[in-house]
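Thanks for coming. I will go through one structure today, starting with a sheet and then moving to helix packing and confidence.

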Amino acid sequence: MSYLVLARKYRPQRFSEVVGQSAVVKTVVNALRRNKLSHALLFAGIKGTGKTTLARIVAKALNCQNINPEEYEPCNQCQSCVEIMKGIHVDVLEIDAASNRGIDQIREIIDALKYAPAKGKAKVYIIDEAHMLTKEASNALLKSLEEPPSHVYFILATTEPNRLPPTILSRCQRYEFRRLDFKLIFNHLQRICELENYQIDQPALELIAREAQGSLRDALSLLDQAMAYGVRTKEDLLYSFGWHEEMIFEDLAKALIERDLKKAMELVQNLYEKGVDIISFTERLTHLFRELFLAKIFSQEVLADKGIDFRLLKDLLFLGNKEDFLLIYQALYKGLEAIRRSTYPQFQFELMIAKICEYEKFISIDALLEKLPTEALVASELEEERKVEPKLETKAETKVETKVETKVELKAEPKEEAKEEKRKRPLADVWDDNLTPKKEAKEEKKGEKWEEFLDIAGKEGATFRALLESVPKPEERDNKMVFLLEEDYPLLTSAYRDKLKDLVLKFFGKEVEFEVKKKRRDPEEVKNRPEVQAIMNIFSAKIAYIQPAKGE
Ligand SMILES: [Zn+2]
(Lines give C-alpha, C1' and ligand atoms only; values in the text may rest on other atoms or scores of the structure.)
Protein backbone atom coordinates (compact mmCIF):
# COMPACT_ATOMS: atom_id res chain seq x y z
CA MET A 1 0.00 0.00 0.00
CA SER A 2 1.49 3.28 -1.02
CA TYR A 3 1.75 5.89 1.66
CA LEU A 4 -0.40 8.95 1.16
CA VAL A 5 1.15 12.05 2.64
CA LEU A 6 -0.87 13.66 5.39
CA ALA A 7 -1.36 16.91 3.51
CA ARG A 8 -3.13 14.99 0.74
CA LYS A 9 -4.88 12.51 2.93
CA TYR A 10 -6.40 15.25 5.05
CA ARG A 11 -6.84 17.87 2.38
CA PRO A 12 -10.11 19.69 3.09
CA GLN A 13 -12.78 18.76 0.58
CA ARG A 14 -15.54 21.04 1.81
CA PHE A 15 -15.65 24.73 2.71
CA SER A 16 -16.35 23.87 6.31
CA GLU A 17 -13.16 21.81 6.54
CA VAL A 18 -10.79 24.59 5.51
CA VAL A 19 -8.53 25.45 8.44
CA GLY A 20 -8.03 29.01 9.61
CA GLN A 21 -9.40 31.03 6.69
CA SER A 22 -12.93 31.62 7.90
CA ALA A 23 -13.16 35.18 6.56
CA VAL A 24 -12.17 34.22 3.04
CA VAL A 25 -14.35 31.11 3.03
CA LYS A 26 -17.34 33.01 4.30
CA THR A 27 -17.03 35.69 1.63
CA VAL A 28 -16.57 33.17 -1.16
CA VAL A 29 -19.54 31.04 -0.07
CA ASN A 30 -21.73 34.12 0.24
CA ALA A 31 -20.79 35.22 -3.25
CA LEU A 32 -21.53 31.74 -4.62
CA ARG A 33 -24.87 31.61 -2.88
CA ARG A 34 -25.88 34.95 -4.32
CA ASN A 35 -24.46 33.98 -7.70
CA LYS A 36 -22.15 36.98 -7.44
CA LEU A 37 -18.75 35.30 -7.50
CA SER A 38 -16.25 37.35 -9.47
CA HIS A 39 -14.88 35.65 -12.58
CA ALA A 40 -11.34 36.57 -11.65
CA LEU A 41 -10.22 35.76 -8.12
CA LEU A 42 -6.84 36.34 -6.57
CA PHE A 43 -5.88 34.18 -3.59
CA ALA A 44 -2.87 35.74 -1.88
CA GLY A 45 -0.95 34.44 1.14
CA ILE A 46 2.09 32.49 2.28
CA LYS A 47 2.61 28.92 1.16
CA GLY A 48 0.58 26.14 2.68
CA THR A 49 -2.33 28.25 3.87
CA GLY A 50 -4.95 26.61 1.68
CA LYS A 51 -5.08 28.71 -1.48
CA THR A 52 -5.17 25.89 -4.05
CA THR A 53 -7.21 23.75 -1.70
CA LEU A 54 -9.91 26.41 -1.55
CA ALA A 55 -9.63 27.00 -5.30
CA ARG A 56 -10.42 23.32 -5.91
CA ILE A 57 -13.38 23.42 -3.56
CA VAL A 58 -14.67 26.46 -5.44
CA ALA A 59 -14.23 24.58 -8.72
CA LYS A 60 -16.23 21.68 -7.28
CA ALA A 61 -18.94 23.97 -5.93
CA LEU A 62 -19.29 25.57 -9.36
CA ASN A 63 -19.58 22.21 -11.09
CA CYS A 64 -21.20 19.91 -8.52
CA GLN A 65 -24.32 18.21 -9.79
CA ASN A 66 -25.92 18.00 -6.37
CA ILE A 67 -25.10 21.42 -5.04
CA ASN A 68 -27.15 22.55 -2.09
CA PRO A 69 -28.11 26.18 -2.77
CA GLU A 70 -28.01 26.98 0.95
CA GLU A 71 -24.62 25.78 2.14
CA TYR A 72 -23.12 25.53 -1.31
CA GLU A 73 -20.94 22.65 -0.18
CA PRO A 74 -19.86 20.29 -2.98
CA CYS A 75 -21.24 16.78 -2.57
CA ASN A 76 -17.89 15.06 -3.27
CA GLN A 77 -19.91 12.16 -4.70
CA CYS A 78 -21.02 13.18 -8.16
CA GLN A 79 -18.91 12.60 -11.23
CA SER A 80 -17.82 16.26 -11.40
CA CYS A 81 -16.68 16.32 -7.80
CA VAL A 82 -14.86 13.02 -8.08
CA GLU A 83 -13.09 14.01 -11.28
CA ILE A 84 -12.03 17.34 -9.87
CA MET A 85 -10.67 15.62 -6.79
CA LYS A 86 -8.72 13.26 -9.01
CA GLY A 87 -7.52 16.16 -11.14
CA ILE A 88 -8.95 14.73 -14.35
CA HIS A 89 -11.94 17.00 -14.95
CA VAL A 90 -11.71 18.45 -18.45
CA ASP A 91 -13.13 21.83 -17.49
CA VAL A 92 -11.03 22.38 -14.40
CA LEU A 93 -7.44 23.07 -15.23
CA GLU A 94 -4.57 23.70 -12.87
CA ILE A 95 -1.60 25.53 -14.27
CA ASP A 96 1.70 25.94 -12.53
CA ALA A 97 2.85 29.32 -13.74
CA ALA A 98 6.37 28.55 -12.56
CA SER A 99 6.73 25.79 -15.13
CA ASN A 100 7.96 26.36 -18.66
CA ARG A 101 4.69 25.24 -20.06
CA GLY A 102 2.97 28.24 -18.51
CA ILE A 103 2.80 30.37 -21.62
CA ASP A 104 1.71 27.55 -23.92
CA GLN A 105 -0.98 26.53 -21.50
CA ILE A 106 -2.25 30.08 -21.21
CA ARG A 107 -2.51 30.26 -25.01
CA GLU A 108 -4.38 26.98 -25.09
CA ILE A 109 -6.75 28.24 -22.43
CA ILE A 110 -7.43 31.41 -24.28
CA ASP A 111 -8.15 29.56 -27.48
CA ALA A 112 -10.55 27.27 -25.67
CA LEU A 113 -12.32 30.00 -23.72
CA LYS A 114 -14.98 30.57 -26.30
CA TYR A 115 -16.23 27.00 -26.11
CA ALA A 116 -18.79 26.09 -23.51
CA PRO A 117 -17.70 23.68 -20.78
CA ALA A 118 -17.46 20.15 -22.10
CA LYS A 119 -18.99 18.47 -19.09
CA GLY A 120 -19.69 20.69 -16.13
CA LYS A 121 -21.34 24.03 -15.67
CA ALA A 122 -18.22 26.14 -15.48
CA LYS A 123 -14.66 26.20 -16.71
CA VAL A 124 -12.30 26.92 -13.87
CA TYR A 125 -8.67 27.80 -14.40
CA ILE A 126 -6.52 27.67 -11.32
CA ILE A 127 -3.21 29.42 -11.92
CA ASP A 128 -0.75 28.57 -9.17
CA GLU A 129 2.29 30.77 -8.44
CA ALA A 130 0.63 33.38 -10.64
CA HIS A 131 3.41 35.90 -9.96
CA MET A 132 5.73 33.64 -12.00
CA LEU A 133 3.80 34.17 -15.22
CA THR A 134 5.99 35.59 -17.94
CA LYS A 135 5.21 39.01 -19.30
CA GLU A 136 3.86 37.45 -22.48
CA ALA A 137 1.64 35.08 -20.57
CA SER A 138 0.32 37.89 -18.36
CA ASN A 139 -0.50 39.97 -21.40
CA ALA A 140 -2.28 37.09 -23.04
CA LEU A 141 -4.21 36.47 -19.86
CA LEU A 142 -5.09 40.09 -19.35
CA LYS A 143 -7.61 40.26 -22.17
CA SER A 144 -9.42 37.18 -20.90
CA LEU A 145 -9.52 38.60 -17.41
CA GLU A 146 -11.07 41.77 -18.71
CA GLU A 147 -14.20 40.16 -20.03
CA PRO A 148 -14.28 36.48 -19.25
CA PRO A 149 -17.22 34.58 -20.73
CA SER A 150 -19.90 33.93 -18.12
CA HIS A 151 -18.99 30.25 -17.80
CA VAL A 152 -15.29 30.94 -17.15
CA TYR A 153 -13.61 31.51 -13.79
CA PHE A 154 -9.96 32.31 -13.15
CA ILE A 155 -8.46 31.70 -9.75
CA LEU A 156 -4.95 33.06 -9.41
CA ALA A 157 -3.02 31.85 -6.39
CA THR A 158 0.15 33.61 -5.33
CA THR A 159 2.55 33.94 -2.44
CA GLU A 160 3.80 37.25 -3.80
CA PRO A 161 0.88 39.36 -5.01
CA ASN A 162 3.13 42.43 -5.24
CA ARG A 163 5.00 40.86 -8.11
CA LEU A 164 1.87 40.67 -10.23
CA PRO A 165 1.40 43.47 -12.75
CA PRO A 166 -1.06 46.12 -11.52
CA THR A 167 -3.14 45.55 -14.64
CA ILE A 168 -3.77 41.97 -13.51
CA LEU A 169 -4.28 42.91 -9.86
CA SER A 170 -6.88 45.52 -10.74
CA ARG A 171 -8.98 42.97 -12.60
CA CYS A 172 -9.11 40.44 -9.80
CA GLN A 173 -11.12 40.27 -6.65
CA ARG A 174 -8.51 39.77 -4.00
CA TYR A 175 -8.69 37.42 -1.01
CA GLU A 176 -5.99 37.46 1.65
CA PHE A 177 -5.09 34.12 3.19
CA ARG A 178 -3.87 34.51 6.73
CA ARG A 179 -0.80 32.89 8.14
CA LEU A 180 -2.27 30.24 10.42
CA ASP A 181 -1.71 30.86 14.05
CA PHE A 182 0.19 28.46 16.21
CA LYS A 183 -2.80 27.24 18.13
CA LEU A 184 -4.79 26.34 15.03
CA ILE A 185 -1.88 24.40 13.60
CA PHE A 186 -1.21 22.67 16.89
CA ASN A 187 -4.85 21.62 17.30
CA HIS A 188 -4.98 20.38 13.74
CA LEU A 189 -1.84 18.30 14.22
CA GLN A 190 -3.22 16.89 17.42
CA ARG A 191 -6.44 15.87 15.70
CA ILE A 192 -4.56 14.18 12.88
CA CYS A 193 -2.37 12.27 15.33
CA GLU A 194 -5.53 11.03 16.99
CA LEU A 195 -7.03 10.01 13.66
CA GLU A 196 -3.79 8.28 12.72
CA ASN A 197 -3.61 6.76 16.18
CA TYR A 198 -0.06 8.04 16.54
CA GLN A 199 1.34 8.76 20.00
CA ILE A 200 3.54 11.84 20.25
CA ASP A 201 3.98 14.14 23.23
CA GLN A 202 2.77 17.70 23.38
CA PRO A 203 6.14 19.52 23.43
CA ALA A 204 7.12 17.72 20.22
CA LEU A 205 3.89 18.73 18.49
CA GLU A 206 4.30 22.28 19.77
CA LEU A 207 7.74 22.45 18.27
CA ILE A 208 6.48 21.20 14.91
CA ALA A 209 3.61 23.68 14.97
CA ARG A 210 6.04 26.47 15.79
CA GLU A 211 8.56 25.49 13.12
CA ALA A 212 5.82 25.52 10.47
CA GLN A 213 5.57 29.31 10.91
CA GLY A 214 1.97 29.62 9.87
CA SER A 215 2.00 27.11 7.01
CA LEU A 216 -0.28 24.15 7.57
CA ARG A 217 1.29 22.24 4.71
CA ASP A 218 4.76 22.63 6.23
CA ALA A 219 3.40 21.48 9.58
CA LEU A 220 1.90 18.38 8.01
CA SER A 221 5.00 17.47 6.08
CA LEU A 222 7.08 17.86 9.26
CA LEU A 223 4.64 15.58 11.01
CA ASP A 224 4.96 13.15 8.11
CA GLN A 225 8.71 13.03 8.62
CA ALA A 226 8.39 12.79 12.38
CA MET A 227 6.10 9.80 11.98
CA ALA A 228 8.48 8.22 9.50
CA TYR A 229 11.32 8.54 12.05
CA GLY A 230 9.07 7.25 14.80
CA VAL A 231 9.47 10.45 16.80
CA ARG A 232 7.60 10.41 20.12
CA THR A 233 9.20 13.16 22.18
CA LYS A 234 10.71 16.57 21.72
CA GLU A 235 14.18 15.11 22.25
CA ASP A 236 13.55 12.56 19.50
CA LEU A 237 12.46 15.36 17.26
CA LEU A 238 15.49 17.54 17.94
CA TYR A 239 17.76 14.58 17.39
CA SER A 240 16.09 13.21 14.25
CA PHE A 241 15.72 16.56 12.54
CA GLY A 242 19.10 17.89 13.55
CA TRP A 243 17.31 20.65 15.38
CA HIS A 244 19.88 21.02 18.10
CA GLU A 245 20.01 24.64 17.14
CA GLU A 246 16.46 24.97 18.32
CA MET A 247 17.38 23.61 21.71
CA ILE A 248 20.41 25.85 22.01
CA PHE A 249 18.26 28.77 20.97
CA GLU A 250 15.78 28.27 23.77
CA ASP A 251 18.42 27.50 26.36
CA LEU A 252 20.47 30.53 25.42
CA ALA A 253 17.43 32.80 25.59
CA LYS A 254 16.81 31.46 29.07
CA ALA A 255 20.44 31.89 30.10
CA LEU A 256 20.36 35.50 28.93
CA ILE A 257 17.26 36.30 30.96
CA GLU A 258 18.75 34.61 33.99
CA ARG A 259 22.12 36.25 33.36
CA ASP A 260 23.80 32.89 33.62
CA LEU A 261 27.17 33.71 32.11
CA LYS A 262 28.66 30.26 32.45
CA LYS A 263 25.71 28.48 30.87
CA ALA A 264 25.53 31.08 28.10
CA MET A 265 29.21 30.64 27.25
CA GLU A 266 28.82 26.86 27.12
CA LEU A 267 25.94 27.25 24.70
CA VAL A 268 27.95 29.66 22.58
CA GLN A 269 30.69 27.03 22.26
CA ASN A 270 28.04 24.51 21.37
CA LEU A 271 26.78 26.77 18.60
CA TYR A 272 30.27 27.08 17.11
CA GLU A 273 30.72 23.33 17.15
CA LYS A 274 27.44 22.83 15.35
CA GLY A 275 28.44 25.41 12.75
CA VAL A 276 25.31 27.47 13.28
CA ASP A 277 25.00 30.69 11.27
CA ILE A 278 25.67 33.34 13.88
CA ILE A 279 23.94 36.18 12.07
CA SER A 280 20.62 34.50 11.49
CA PHE A 281 20.79 33.06 14.98
CA THR A 282 21.25 36.55 16.44
CA GLU A 283 18.43 37.85 14.26
CA ARG A 284 16.12 35.24 15.70
CA LEU A 285 17.19 36.04 19.23
CA THR A 286 16.56 39.73 18.58
CA HIS A 287 13.07 38.97 17.28
CA LEU A 288 12.38 36.80 20.27
CA PHE A 289 13.30 39.47 22.81
CA ARG A 290 11.42 42.13 20.91
CA GLU A 291 8.36 39.93 21.17
CA LEU A 292 8.97 39.23 24.84
CA PHE A 293 9.19 42.97 25.44
CA LEU A 294 5.97 43.61 23.50
CA ALA A 295 4.28 40.75 25.33
CA LYS A 296 4.87 42.62 28.59
CA ILE A 297 3.07 45.66 27.21
CA PHE A 298 0.22 44.39 25.09
CA SER A 299 -2.59 41.93 25.62
CA GLN A 300 -2.63 38.53 23.93
CA GLU A 301 -5.24 39.70 21.42
CA VAL A 302 -3.15 42.67 20.33
CA LEU A 303 -0.11 40.42 20.02
CA ALA A 304 -2.01 37.96 17.87
CA ASP A 305 -2.94 40.84 15.57
CA LYS A 306 0.73 41.67 15.27
CA GLY A 307 1.40 38.08 14.26
CA ILE A 308 3.08 37.30 17.56
CA ASP A 309 2.31 33.98 19.11
CA PHE A 310 1.84 34.38 22.81
CA ARG A 311 2.12 30.70 23.60
CA LEU A 312 5.52 30.59 22.05
CA LEU A 313 6.72 33.12 24.57
CA LYS A 314 4.96 31.93 27.65
CA ASP A 315 7.80 29.82 29.02
CA LEU A 316 10.24 32.68 28.91
CA LEU A 317 7.85 35.50 29.66
CA PHE A 318 7.72 34.99 33.38
CA LEU A 319 11.45 34.70 33.82
CA GLY A 320 12.00 38.39 33.29
CA ASN A 321 10.39 41.79 33.48
CA LYS A 322 9.83 44.48 30.90
CA GLU A 323 13.14 46.18 31.64
CA ASP A 324 15.07 42.93 31.31
CA PHE A 325 13.59 42.23 27.92
CA LEU A 326 14.07 45.76 26.70
CA LEU A 327 17.71 45.77 27.76
CA ILE A 328 18.43 42.45 26.10
CA TYR A 329 16.48 43.38 22.97
CA GLN A 330 18.46 46.60 22.72
CA ALA A 331 21.78 44.87 23.31
CA LEU A 332 21.02 42.17 20.73
CA TYR A 333 19.96 44.73 18.20
CA LYS A 334 23.16 46.69 18.64
CA GLY A 335 25.17 43.49 18.71
CA LEU A 336 23.58 42.28 15.50
CA GLU A 337 24.73 45.40 13.68
CA ALA A 338 28.24 44.94 15.01
CA ILE A 339 28.32 41.23 14.12
CA ARG A 340 27.28 41.99 10.57
CA ARG A 341 30.11 44.46 10.15
CA SER A 342 32.71 42.51 12.04
CA THR A 343 35.61 40.62 10.52
CA TYR A 344 35.35 38.29 13.51
CA PRO A 345 31.64 37.74 13.97
CA GLN A 346 32.22 34.95 16.47
CA PHE A 347 34.14 37.18 18.86
CA GLN A 348 31.57 39.89 18.48
CA PHE A 349 28.80 37.42 19.21
CA GLU A 350 30.56 36.08 22.27
CA LEU A 351 31.19 39.58 23.60
CA MET A 352 27.58 40.52 23.10
CA ILE A 353 26.31 37.46 24.97
CA ALA A 354 28.78 38.02 27.81
CA LYS A 355 27.82 41.70 28.08
CA ILE A 356 24.14 40.85 28.32
CA CYS A 357 24.82 38.41 31.14
CA GLU A 358 26.77 41.09 32.93
CA TYR A 359 23.83 43.49 32.73
CA GLU A 360 22.87 41.96 36.03
CA LYS A 361 25.27 44.50 37.40
CA PHE A 362 22.81 47.21 36.48
CA ILE A 363 19.43 47.76 37.96
CA SER A 364 16.31 49.27 36.48
CA ILE A 365 15.50 52.86 37.28
CA ASP A 366 12.05 51.89 38.50
CA ALA A 367 13.41 49.37 40.93
CA LEU A 368 15.90 51.89 42.12
CA LEU A 369 13.37 54.63 42.64
CA GLU A 370 11.16 52.30 44.59
CA LYS A 371 13.96 51.70 47.00
CA LEU A 372 14.73 55.37 47.40
CA PRO A 373 13.19 57.12 50.36
CA THR A 374 10.67 59.59 48.96
CA GLU A 375 12.06 62.38 51.08
CA ALA A 376 15.38 62.18 49.35
CA LEU A 377 13.79 62.75 46.00
CA VAL A 378 11.61 65.60 47.10
CA ALA A 379 14.42 67.29 48.85
CA SER A 380 16.72 67.01 45.89
CA GLU A 381 15.29 69.96 44.05
CA LEU A 382 15.60 72.27 47.01
CA GLU A 383 19.02 71.00 47.70
CA GLU A 384 20.57 72.81 44.81
CA GLU A 385 21.45 75.99 46.61
CA ARG A 386 21.96 74.50 50.01
CA LYS A 387 25.10 72.70 50.88
CA VAL A 388 25.28 69.57 52.89
CA GLU A 389 28.44 68.78 54.68
CA PRO A 390 30.24 66.18 52.61
CA LYS A 391 30.10 63.07 54.68
CA LEU A 392 29.75 60.13 52.35
CA GLU A 393 32.82 60.72 50.28
CA THR A 394 34.72 57.79 51.66
CA LYS A 395 31.89 55.68 52.86
CA ALA A 396 31.34 52.00 52.23
CA GLU A 397 33.95 50.52 50.00
CA THR A 398 32.42 47.08 50.37
CA LYS A 399 31.15 46.64 46.83
CA VAL A 400 33.39 47.64 44.05
CA GLU A 401 30.83 47.42 41.28
CA THR A 402 29.04 50.73 41.35
CA LYS A 403 26.06 50.97 39.09
CA VAL A 404 27.60 53.41 36.71
CA GLU A 405 24.77 53.20 34.22
CA THR A 406 22.19 53.93 36.85
CA LYS A 407 24.08 56.83 38.19
CA VAL A 408 24.35 58.52 34.86
CA GLU A 409 20.70 58.06 34.06
CA LEU A 410 19.67 59.45 37.38
CA LYS A 411 21.78 62.46 36.81
CA ALA A 412 20.41 63.02 33.37
CA GLU A 413 16.79 63.01 34.44
CA PRO A 414 16.64 63.88 38.08
CA LYS A 415 14.15 66.66 37.61
CA GLU A 416 11.54 64.52 35.92
CA GLU A 417 11.62 61.99 38.66
CA ALA A 418 11.55 64.59 41.35
CA LYS A 419 8.67 66.42 39.73
CA GLU A 420 6.74 63.19 39.48
CA GLU A 421 7.10 62.72 43.19
CA LYS A 422 6.10 66.22 43.97
CA ARG A 423 2.95 66.03 41.95
CA LYS A 424 1.68 63.52 44.44
CA ARG A 425 2.02 65.96 47.28
CA PRO A 426 -0.63 68.48 48.23
CA LEU A 427 1.48 71.52 47.46
CA ALA A 428 1.93 71.58 43.79
CA ASP A 429 5.34 73.01 43.09
CA VAL A 430 8.60 74.26 44.35
CA TRP A 431 7.42 77.80 44.31
CA ASP A 432 4.83 77.06 46.97
CA ASP A 433 7.32 75.23 49.10
CA ASN A 434 9.23 78.40 49.65
CA LEU A 435 6.31 80.44 50.84
CA THR A 436 5.53 81.29 54.40
CA PRO A 437 1.93 80.80 55.49
CA LYS A 438 1.45 84.57 55.87
CA LYS A 439 2.12 85.23 52.25
CA GLU A 440 -0.23 82.55 51.02
CA ALA A 441 -3.34 84.67 50.58
CA LYS A 442 -1.50 87.26 48.63
CA GLU A 443 0.23 84.68 46.53
CA GLU A 444 -3.05 83.08 45.67
CA LYS A 445 -4.21 86.31 44.16
CA LYS A 446 -0.99 86.60 42.31
CA GLY A 447 -1.56 83.05 41.12
CA GLU A 448 -4.89 83.99 39.64
CA LYS A 449 -3.35 86.97 37.98
CA TRP A 450 -0.62 84.77 36.60
CA GLU A 451 -3.26 82.43 35.18
CA GLU A 452 -4.87 85.41 33.54
CA PHE A 453 -1.53 86.43 32.15
CA LEU A 454 -0.95 82.94 30.76
CA ASP A 455 -4.24 83.19 28.91
CA ILE A 456 -3.15 86.41 27.32
CA ALA A 457 0.26 84.98 26.52
CA GLY A 458 -1.50 82.00 24.97
CA LYS A 459 -2.82 84.25 22.27
CA GLU A 460 0.78 84.67 21.14
CA GLY A 461 0.94 80.98 20.43
CA ALA A 462 0.57 77.65 22.18
CA THR A 463 4.31 77.03 22.35
CA PHE A 464 4.90 80.34 24.04
CA ARG A 465 2.28 79.56 26.63
CA ALA A 466 3.60 76.07 27.16
CA LEU A 467 7.08 77.46 27.71
CA LEU A 468 5.76 79.86 30.34
CA GLU A 469 3.73 77.16 32.02
CA SER A 470 6.71 74.93 32.48
CA VAL A 471 8.72 77.41 34.51
CA PRO A 472 8.12 78.54 38.08
CA LYS A 473 5.87 81.57 38.43
CA PRO A 474 7.97 84.73 38.38
CA GLU A 475 8.89 86.34 41.65
CA GLU A 476 8.21 89.99 42.31
CA ARG A 477 11.40 91.61 43.41
CA ASP A 478 12.28 95.34 43.46
CA ASN A 479 9.25 96.04 41.34
CA LYS A 480 10.43 93.60 38.74
CA MET A 481 9.12 90.25 37.60
CA VAL A 482 11.98 87.86 38.07
CA PHE A 483 11.90 84.69 35.98
CA LEU A 484 14.03 81.84 37.15
CA LEU A 485 15.12 79.92 34.08
CA GLU A 486 17.66 77.31 33.17
CA GLU A 487 20.28 78.35 30.70
CA ASP A 488 19.35 77.39 27.14
CA TYR A 489 15.67 77.58 28.02
CA PRO A 490 13.93 78.62 24.79
CA LEU A 491 12.24 81.60 26.50
CA LEU A 492 15.67 83.19 26.59
CA THR A 493 15.91 83.42 22.83
CA SER A 494 15.44 86.98 21.69
CA ALA A 495 12.09 86.52 19.98
CA TYR A 496 10.38 85.06 23.05
CA ARG A 497 12.30 87.28 25.38
CA ASP A 498 11.10 90.48 23.75
CA LYS A 499 7.57 89.24 23.53
CA LEU A 500 7.59 88.35 27.20
CA LYS A 501 9.03 91.69 28.26
CA ASP A 502 6.43 93.47 26.24
CA LEU A 503 3.50 91.51 27.62
CA VAL A 504 4.64 91.69 31.23
CA LEU A 505 5.06 95.42 30.98
CA LYS A 506 1.57 95.80 29.57
CA PHE A 507 -0.07 93.45 32.00
CA PHE A 508 1.80 93.85 35.27
CA GLY A 509 3.36 97.22 34.51
CA LYS A 510 6.74 95.79 35.51
CA GLU A 511 10.10 95.15 33.95
CA VAL A 512 11.28 91.61 33.39
CA GLU A 513 14.44 90.21 34.81
CA PHE A 514 15.86 86.78 34.12
CA GLU A 515 17.76 84.81 36.65
CA VAL A 516 19.57 82.12 34.76
CA LYS A 517 20.30 78.89 36.55
CA LYS A 518 23.40 77.20 35.33
CA LYS A 519 22.83 73.66 34.23
CA ARG A 520 26.41 72.71 34.68
CA ARG A 521 27.13 71.56 38.15
CA ASP A 522 30.29 71.11 39.98
CA PRO A 523 30.93 67.38 39.64
CA GLU A 524 31.77 67.19 43.32
CA GLU A 525 28.43 68.71 44.17
CA VAL A 526 26.68 65.70 42.64
CA LYS A 527 28.05 63.51 45.39
CA ASN A 528 26.24 65.56 47.99
CA ARG A 529 22.86 65.37 46.37
CA PRO A 530 20.47 63.46 48.61
CA GLU A 531 19.30 61.01 45.96
CA VAL A 532 22.88 60.06 45.16
CA GLN A 533 23.62 59.62 48.82
CA ALA A 534 20.54 57.50 49.23
CA ILE A 535 21.65 55.25 46.38
CA MET A 536 25.09 54.95 47.88
CA ASN A 537 23.54 54.02 51.18
CA ILE A 538 21.13 51.46 49.82
CA PHE A 539 23.69 49.67 47.72
CA SER A 540 26.67 50.32 49.95
CA ALA A 541 28.18 51.75 46.83
CA LYS A 542 30.93 54.19 46.17
CA ILE A 543 31.29 56.52 43.27
CA ALA A 544 33.66 55.17 40.63
CA TYR A 545 33.62 58.26 38.47
CA ILE A 546 31.29 61.05 37.53
CA GLN A 547 30.27 61.38 33.95
CA PRO A 548 28.59 64.58 32.85
CA ALA A 549 25.03 64.08 31.63
CA LYS A 550 24.36 64.64 27.94
CA GLY A 551 24.80 68.20 26.80
CA GLU A 552 26.97 69.24 29.70
ZN1 LIG B 1 -20.77 16.93 -6.48
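In what order do the three strands of the open sheet come, and what is the pairing? The order is E6-E7-E8, and the pairing is mixed. Strand E6, residues 475–477, and strand E8, residues 511–517, are the edge strands, each pairing on one side only. From one strand to the next, the twist averages 40 degrees. Please keep in mind that this is a predicted model.

Now the pair E7 and E8. Strand E7 covers residues 480–486 and runs parallel to E8, with seven bridges joining the two. If you want a place to look, take Glu 486, which stands opposite Lys 517 in E8. A helix also packs on this sheet: H26, residues 494–508, touches E7 and E8. The direction of H26 makes about 130 degrees with that of E8.

Next, helix packing. Two packed helices are described by the angle between their axes and the distance between the axes. I have two pairs to show.

The first pair is H8, residues 182–195, with H10, residues 216–229. Their axes are 10 Å apart, and the packing angle is about 40 degrees. H8 and H10 are therefore oblique to each other, and their crossing is right-handed. On the H8 side the contact has Ile 185, His 188, Leu 189 and Ile 192; these meet Leu 216, Ala 219 and Leu 223 in H10. Sorted by class, that contact has six nonpolar residues, one polar and no charged.

The second pair is H14, residues 278–297, with H18, residues 345–358. Here the angle is about 25 degrees, and the axes are 10 Å apart. Angles under 35 degrees count as roughly parallel, so that is the label for H14 and H18. The crossing of H14 past H18 is left-handed. Ile 278, Ile 279 and Thr 282 from H14 meet Pro 345, Gln 346 and Phe 349 from H18. This contact divides into four nonpolar and two polar residues, with no charged ones.

Last, confidence. How far can we lean on the chain, going by average pLDDT? The average is 80, and 78% of the residues score at least 70. Confidence is highest in helix H3, residues 51–63, at a mean of 97. It is lowest in helix H23, residues 430–433, where the mean is 31. Over residues 381–441 pLDDT stays under 50, and for that stretch the model has 67 contacts beyond four places in sequence.

That is what I have; questions are welcome.

How values were computed
Residues numbered from 1 in each chain as written. Predicted model: local features only at pLDDT ≥ 70, side-chain atom pairs only at ≥ 80, totals over all residues. Axes fitted to C-alpha atoms, helices over the stretch in contact; angles between N-to-C directions. Helix = DSSP H or I, 4+ residues; strand = E, 2+ residues; numbered from the N terminus. Parallel < 35°, antiparallel > 145°, perpendicular 65-115°, else oblique. Left-handed = near helix turned anticlockwise from the far one by under 90°. Contact = placed C-beta atoms within 7 Å. Nonpolar A, V, L, I, M, F, W, Y, C, P; charged D, E, K, R; others polar. pLDDT = per-residue confidence, 0-100. Pairing = 2+ DSSP bridges.
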